[in-house]
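This report is a short introduction for a reader new to the structure. Please look over the sequence and the model before reading on.

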Amino acid sequence: MNYNKQIIVALDFPTEKACLDFLKNIDPARCRVKVGKELFTRCGPALVKKINAEGYDVFLDLKFHDIPNTVAGALKAAADLGVWMVNVHASGGKAMLDASREALNYQQAPLLIAVTVLTSMGIEDLSQIAVINTPQQQVQVLASLAVNSGLDGVVCSAQETDFLRLQCPSDFQLVTPGIRPSGDSANDQKRVVSPRLALEQGSNFLVIGRPITQASNPSEKLDSIIQEIEA
Ligand code: C5P
């Protein structure tokens with residue numbers, strides 16, 4: 001199997017220059033990229049268009065969560081930027097997910113992914129917002145909601161892929177952050193999984209940031225991760 005494009009590099013840079021300098025070393029045929037809230041809020045849609053025009057598939061990770069009409073409009077605006085993948089919070093509810101699907105219900109629309117429970121939230125955080133489920137139960141509830149509304153997949157922890165793979169349709173995309181190649185620092189991630197194990201456990205796309213963006217030679221680092229996966 002060709003794993004080149006299953007790696008999504010998280011472009012967590014504070015400036016447009018830092019981002020574009022980094023991308024000079026990264027071949028768009030070897031990976032996809034993710035633009036999150038920090039870079040988007042600083043540099044805006046113009047940078048997304050620029051990255052897209054350079055040939056990168058962009059996952060616009062803005063995790064929309066609002067009333068259905070507003071989310072639908074935001075998703076259409078994101079699609080107009082030409083991005084490859086967008087996401088919303090599944091906890092926005094069925095009506096919001098249905099409106100999201102309807103807004104992006106055409107061929108060539110970006111993949112529409114839902115966030116279930118943020119991996120930063122534990123059982124106590126859930127009880128503080130009156131959710132009595134465990135994180136795993138809540139992930140299962142929200143993933144079902146996403147499946148039922150016809151979304152294309154979910155962002156989840158690599159620890160959740162085993163049961164989600166059984167619960168969700170085989171073409172449902174599981175996108176997992178918290179990935180660390182063997183020997184790399186976990187940084188602030190609490191539970192990390194190697195790229196190879198994540199794919200073996202059913203992940204479709206691996207979001208990897210600092211191990212690549214902060215490497216002395218990012219292009220070589222990307223190659224070494226691809227080799228680690230293919231070995
Ligand atoms: O540098 P690192 O590989 O830890 O970056 C992971 C990326 O995935 C960051 O952009 C982070 O915001 C994102 N992410 C995450 N955990 C989640 C959801 C998103 O680490 N649950």
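## Contacts of L11

The model is a predicted one. In it, leaving aside residues up to four places away in sequence, L11 touches C19, F22, L23, V33, K34, V35, L39 and I51.

## Nonpolar cores

L11 also belongs to the largest nonpolar core, a set of 64 residues. Together with I51 and L60, L11 is one of the residues with the most contacts inside this core. The most is given to the core by helix α2, residues 37–53, which supplies six residues.

Another core lies apart from this one and has 11 residues. Among them are I8, A10, I113 and V155.

## Surroundings of the ligand

Which residues surround the ligand? They are A10, D12, K34, T119, P177, R180, Q189, V207, I208, G209, R210 and P211. A10 is thus listed around the ligand and is also a member of the core of 11 residues. K34 is likewise listed around the ligand, and K34 is touched by L11.

Polar side-chain atoms come close to oxygen atoms of the ligand in several places. For D12 the distance from such an atom to a ligand oxygen is 2.7 Å. For K34 it is 2.9 Å, and for R210 it is 2.7 Å. The ligand taken alone exposes 460 Å², and 81% of that is buried by the protein.

## Annotated domain

An unreviewed UniProt entry carries the annotation "domain: Orotidine 5'-phosphate decarboxylase" for residues 6–225. In the model, this span is 42% helix and 16% strand. The C-alpha atoms at the ends of residues 6–225 are 11 Å apart.

How values were computed:
Residues numbered from 1 in each chain as written. Predicted model: local features only at pLDDT ≥ 70, side-chain atom pairs only at ≥ 80, totals over all residues. Heavy atoms only, no water. Core = buried A, V, L, I, M, F, W, Y, C linked by side-chain atoms within 4.5 Å. Buried < 20%, exposed > 50% of the residue type's maximum accessible area, 1.4 Å probe, protein only. Helix = DSSP H or I, 4+ residues; strand = E, 2+ residues; numbered from the N terminus. Contact = heavy atoms within 4.5 Å. Near = heavy atom within 4 Å. Polar contact = N/O pair within 3.5 Å; in protein donor to acceptor, adjacent residues only side chain to side chain. Areas by Shrake-Rupley, 256 points an atom, 1.4 Å probe, with all protein chains shown as cover. UniProt positions renumbered as here; feature names shortened; annotations may be inferred.
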